[in-house]
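User: Please take a close look at one strand and its surroundings. What does it pair with, how do its side chains point, and what does it help to line?

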Amino acid sequence: MIGRTVWILCVVLTGSAGAQKDAEMRESPTSRAWRIAPEVSRCRYREPGVMTNEGTLYGIVGSYTFRDLGDSGLMSLGADSNDTLRFEGRLAFGEMEYDGSYMDGTPLSTDGIDDFLFDLRMLWGRELPRGKIANAVHLGLGYRYLNDDSSSQPGGYERESNYLYAPLGSRKDWKLKDRWRLSLTSELDVLIIGRQVSHLGDANPRYSTVRNWQWPGFGAGLCVEVRHEGQDVDLALAPFLRYWWIDDSSVDDSSPYLRDVYEPENNTFEYGLSFVVRF
């Protein structure tokens, strides 16, 4: 109903488009403006030789895409009719199991650690309907925030990871049969700067909050989407992989009780499945 109502309003306000334009829009697998995708994933964070956090995340990804920027005036300066502008957000939460040690080296394994993540992105893209290698490309700016809170555990504390990064990706489409499509999306994320905030005072009141700059680092993503295109709504299943690698951070020696404190090299691997609705 939402898609049909929007379509009727557009016809009343702007008139019907030409047959060639309509055909091109139907051929575009991203012609819908809204994309909502609940997801579930398994996530593992590792500091090699130090600790491992592993658990299940439940989340949702939502986005809105502006199309025909050159015609709309939204970004008319240098914009092509195949250009897009997408705003995207992701929320996820879950509980982690920790396997590592206390600060004094005593082994520790525990569970029930709360994790909360959100990711905000602004992406410029270009549709390439007749492209042989890719049918769309995108680049932009993203901010990723992860809160890992073990302060309710003995010796635990709250950790905040902040990443500012530049995503660069592409999408390739295949038409399987009438109303069915397969899409492969790949992405490389280049870390611009990271900031780690560790509230060590949660573990010991004598300790202060430690702040470390993180760089270099990179991320990568891969998603396969099998989609059925309806008259008003498209539905899809999309298994995905996500990865981050971050090098050793800078040193924070501001604490009088802790010297040369830094965030070790770490990596995050996540795999999961999302259910996609486009309208």
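Analyst: Two strands pair if DSSP finds at least two bridges between them. Strands here are DSSP runs of at least two residues, numbered from the N terminus. The model is predicted: local features need pLDDT of at least 70, side-chain atom pairs count only at pLDDT 80 or more, and totals for chains, interfaces and linings use all residues. Residues are numbered from 1 along each chain, and side-chain values use heavy atoms, without hydrogens or water.

Take strand E8, residues 209-214. Its partner is strand E7, residues 180-199. The two run antiparallel, joined by 6 bridges. One bridge matches His199 with Thr209 of E8.

Now the side chains of E8. They alternate along the strand. Val210, Asn212 and Gln214 point to one face and are buried (under 20% relative accessible area, 1.4 Å probe, protein chains only). Thr209, Arg211 and Trp213 point to the other face and are not buried. In a regular strand, side chains alternate between the two faces of the sheet.

E8 also supplies at least two residues to the lining of the second largest pocket. A pocket is an open set of 1 Å grid points where a 1.4 Å probe fits, with protein on both sides within 12 Å along at least five of seven lines; lining residues have an atom within 4 Å of a point. E2, E3, E4 and E12 (261-262) each supply at least two lining residues as well. E4 gives the most, with 3. In total, 32 residues line this pocket. Nearest its centre lie Tyr98, Ser101, Met103, Tyr157 and Leu200.

Notes:
Buried means under 20% relative accessible area, exposed over 50%, partly exposed in between (1.4 Å probe, protein chains only). Helices (H or I, at least four residues) and strands (E, at least two) are DSSP runs, numbered from the N terminus.
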